[in-house]
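User: Hi! I am new to protein structures and would like to learn how to read one. Could you take me through a few features, step by step?

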Amino acid sequence: MLTQPISVSFDLGGNRQVTLGTGKLARQADGAVTVQQGDCIIMATVVANKDPKEGQDFFPLSVDYQEKFASAGRVPGSFFKREARLNDYEILTSRLIDRALRPLFPEDYLCDVQVLVSLVSSDAEIMPDSLACLAASAALAVSDIPIKEIISEVRIARINGEFVVNPTRSQLAVSDLEFLIAATEKNLMMVEGEAKECAEADLVKALEMAHDAIRIQIKAQADLGAKVGITTKRDYKKPEQNEAIREKVYAFAKDRVYEISRKGSAKHERTDAYSALKDELIAGLGEEVTDLDKKLAKKYYEDLKWEVVRNMILEDRVRLDGRKLDEVRPLAMEISPLPTPHGSALFTRGETQSLTTVTFGTKLDELLAETAAKSEYSKFFLHYNFPPFSTGEVKMMRGVGRREVGHGNLAMRSLKQMMPGSEYAYTVRVVSDILESNGSSSMATVCAGSLALMDAGVPIHKHVSGVAMGLITREDGKYAILTDILGDEDHLGDMDFKVTGTRDGICGVQMDIKVDGLSMAVMMEALEQARKGRLHILDAMYECMPAARPDVKPHAPRMIKLIIDKEFIGAVIGPGGKVIQEIQRETGATVNIEEVGNTGEVSIFSANKESLDKAVTWVRGITAVPQVGDVYEGPVKGIKEFGAFVEFMPGKQGLLHISEISWSRLETMEGLFKEGDMVKVKLVGVDPKTGKFKLSRKVLMPRPDNKQPREGQSENA
């Protein structure tokens with residue numbers, strides 16, 4: 001056990017120092033590291049079991065990132081006032097770490113590994129998620145857990161045309177491009193991010209600059225590991241092998257796997273054929289083989305499929321479903337398949353299908369996203385559902401998993417680039433239900449979401465589409481780039497990357513790279529092929545829905561936003577909310593008001609146009625400034641012997657003196673009006689001392705002598 005804390009530091013550039021430390025905290029973990037920049041401190045621990053569980057045939061890695069609310073001096077807002085299940089932001093950060101770390105472990109390493117990353121001290125300007133993977137990798141670097149390489153991860157953004165590594169929160173708010181990138185010393189591992197229609201060349205430039213920064217962080221981790229004294233990694237029990245069984249499997253099934261793969265059949269037909277061949281293979285081994293041999297035979301069979309299909313694609317330039325390498329599967333799309341939602345679309349690409357809906361809400365429906373550093377509301381959010389029947393399976397329905405959160409986030413970030421700004425009054429919720437899946441349902445969600453938003457009348461000016469790409473490489477330098485990959489091609493490929501965008505540029509990227517030595521030339525070729533695939537899908541989308549509806553559907557709720565002077569906010573709300581509650585009760589509309597700078601924003605929302613108009617008129621009446629000389633009509637609110645009080649504007653009453661009712665002299669008010677009578681009046685003056693309003697009815701009536709008073713002359717003259 002370490003007796004003295006050890007640390008190393010490096011500079012991110014611009015005098016931004018980052019310090020890695022170990023030996024002080026969590027010393028019973030296999031590896032524990034803190035990463036500090038400014039006041040932001042992240043602690044990462046890693047623990048691995050010494051031996052795999054009996055019979056385990058997969059690598060059980062679990063990664064959890066959590067932000068402690070105490071790190072920012074806050075109490076959690078939940079009922080129990082303690083950190084509970086991970087929120088979406090923490091899940092997404094956990095996925096970013098997991099996707100970068102998982103390829104580091106040897107393929108035959110099957111021991112349980114748990115990586116826990118916690119934000120323990122928060123800095124208002126430092127983004128902790130860009131340091132989280134650095135902390136996790138450093139914890140592995142100072143442990144004896146076997147890993148093949150050290151990695152790190154940075155965020156790169158473009159601000160005012162300049163690329164910045166790990167920008168501050170304030171800088172990120174004004175960026176037009178943002179990517180999180182993980183890499184080893186030599187190779188990119190993972191990319192995820194969004195952009196406001198950036199060019200493919202801009203993405204490549206961002207990758208190159210990020211990789212330079214990552215190399216500095218990898219060196220710091222290696223230096224820390226050297227100071228700790230980590231020179232060798234622990235031995236581990238490797239899975240049993242049986243070369244005789246492997247040879248039998250390859251001899252029996254290789255040619256037949258190729259025949260099935262080359263046939264170009266549909267997913268279920270191909271799956272059934274593979275399964276039948278596997279059953280025949282196992283039966284052909286004889287009764288004398290052990291259960292372990294059967295298990296190994298099944299593993300070798302999967303290895304054989306992986307090898308045969310990859311070679312088939314590389315040599316024959318044909319794919320499992322018979323397509324060419326750059327061919328997109330058949331497209332079918334439909335808008336408004338559902339009559340009641342405010343917007344809907346059905347998008348089908350091959351054997352992948354998304355039914356997506358759009359729902360309009362008010363300010364009260366905004367989504368609260370709470371992290372340790374801040375709480376913020378979002379007016380646009382997307383939910384993605386992946387039921388088991390979409391792949392013909394039976395599974396327990398246990399709520400939304402991390403995969404659903406990650407896929408939904410990619411689609412949301414892509415579509416968000418085209419959404420109207422904060423002036424748009426509606427809160428918009430998009431829901432994608434995947435009804436079939438065989439390759440990139442997240443990209444189907446982007447396409448269906450774009451169509452559904454236009455169907456709902458959301459003023460987005462361009463469609464956004466997405467396509468999932470694959471890459472297969474071989475040691476001899478041969479490679480194949482695949483457009484619109486199948487689920488099986490995703491599994492057997494060396495790179496899975498999804499690119500979304502408009503005709504004018506990239507809006508979102510998610511990329512996982514499993515191969516060493518991927519050149520930027522191949523990356524550019526893949527991005528160009530992805531652009532062509534994206535444009536092909538966009539052409540079909542524009543043919544289906546050329547532009548957004550000019551208005552929301554007749555049954556959709558309508559919303560109007562009014563900007564009022566700050567001084568009228570109290571008048572609209574009323575004492576104890578009396579006025580705003582009365583408006584909502586009498587009109588049936590929903591009214592929300594908030595202070596924004598020196599103005600007030602009043603959002604009025606109703607599914608009924610008459611209700612909406614009534615509420616708008618009411619609010620405008622309260623907030624309007626009466627103008628002397630303007631004519632109004634309002635109800636009589638009270639009658640006195642000297643005149644009547646008329647509410648000529650909502651909340652504003654004036655005196656209609658008995659002398660201003662008629663050109664004839666009136667002796668009494670009796671029988672002239674009753675409360676509730678509507679009277680047309682003119683505002684003729686405001687008492688400068690009291691601010692009381694003076695009204696006249698007779699000036700709107702012809703004088704008996706047909707003489708109108710001259711300007712500046714009293715009407716009583």
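Analyst: Happy to help; we will look at a helix, some aromatic rings, two single residues and the cysteines. Please keep in mind that this is a predicted model.

User: Let's begin with the helix. How many residues does α5 have, and how far does it reach?

Analyst: Helix α5 covers residues 243–262, which makes 20 residues. From its first C-alpha to its last it reaches 27 Å, close to the 28 Å expected at 1.5 Å a residue.

User: Where is the kink in α5 centred?

Analyst: The kink is centred on Ala253 and comes to about 45°.

User: What sits at the two ends of α5?

Analyst: At the N-terminal end, Asn242 acts as a cap, with a side-chain oxygen 3.1 Å from the backbone nitrogen of Ala244. Just after the helix comes Gly264, with a positive phi of about 75°.

User: Which residues of α5 are buried, and what do they pack against?

Analyst: Here is the general idea. An α-helix has 3.6 residues a turn, so residues three or four places apart point the same way. In this structure, the buried residues of α5 are Ile245, Val249, Tyr250, Ala253, Val257, Ile260 and Ser261. They pack against α6 (267–284) and α7 (291–316).

User: Can we follow one residue of α7? Is Met312 buried or exposed?

Analyst: Met312, which lies in helix α7, is buried, with a relative accessible area of 2%. To see its surroundings, set aside its neighbours within four places in sequence: Met312 then contacts Tyr258, Ser261, Arg262, Arg317, Val318, Arg319 and Leu320. Take Arg262 from that list: Met312 and Arg262 are 50 residues apart in sequence, yet their C-alpha atoms are 7.6 Å apart in space.

User: Now the aromatic rings. How many aromatic pairs are there in the whole structure?

Analyst: A search of the whole structure gives twelve aromatic pairs. As one example, the rings of Tyr109 and Tyr236 have centres 5.0 Å apart and planes at 85°, so this pair is edge-to-face.

User: Why does that pair tie together parts that are apart in sequence?

Analyst: Look at where each ring sits. Tyr109 is in the loop between α1 (88–101) and β6 (113–121), while Tyr236 is in the loop between α4 (200–228) and α5, so the pair ties together parts 127 residues apart in sequence. Tyr109 is buried at 0% relative accessibility, and Tyr236 is buried too, at 16%. Ring pairs also link Phe59, Phe105, Tyr109 and Tyr236 into a cluster.

User: What is Ala48 in contact with, beyond its neighbours within four places in sequence?

Analyst: Tyr109 appears again, together with Asp30, Asp112, Val113, Ile145 and Arg234. Ala48 is found in strand β4 (residues 40–48) and is buried, with a relative accessible area of 5%.

User: Last, how many disulfides are there?

Analyst: First the idea: a disulfide is a covalent bond between the sulfur atoms of two cysteines. For this structure the count is zero. Cys40 is in no disulfide, and the nearest cysteine sulfur, that of Cys133, is 15 Å away. Compare that distance with the cut-off for a disulfide, which is within 2.5 Å. Cys544 is likewise in no disulfide, with the nearest cysteine sulfur, that of Cys447, 11 Å away.

User: And are Cys40 and Cys544 buried, or partly exposed?

Analyst: Cys40 is buried, at 0% relative accessible area, whereas Cys544 counts as partly exposed, at 23%.

Definitions and conventions: Residues numbered from 1 in each chain as written. Predicted model: local features only at pLDDT ≥ 70, side-chain atom pairs only at ≥ 80, totals over all residues. Heavy atoms only, no water. Buried < 20%, exposed > 50% of the residue type's maximum accessible area, 1.4 Å probe, protein only. Helix = DSSP H or I, 4+ residues; strand = E, 2+ residues; numbered from the N terminus. Expected span 1.5 Å × (residues − 1). Bend = angle between axes of the 7 residues up to and from the residue. Contact = heavy atoms within 4.5 Å. Polar contact = N/O pair within 3.5 Å; in protein donor to acceptor, adjacent residues only side chain to side chain. Phe/Tyr/Trp six-rings, centres within 6.5 Å; stacked < 30°, edge-to-face > 60°.
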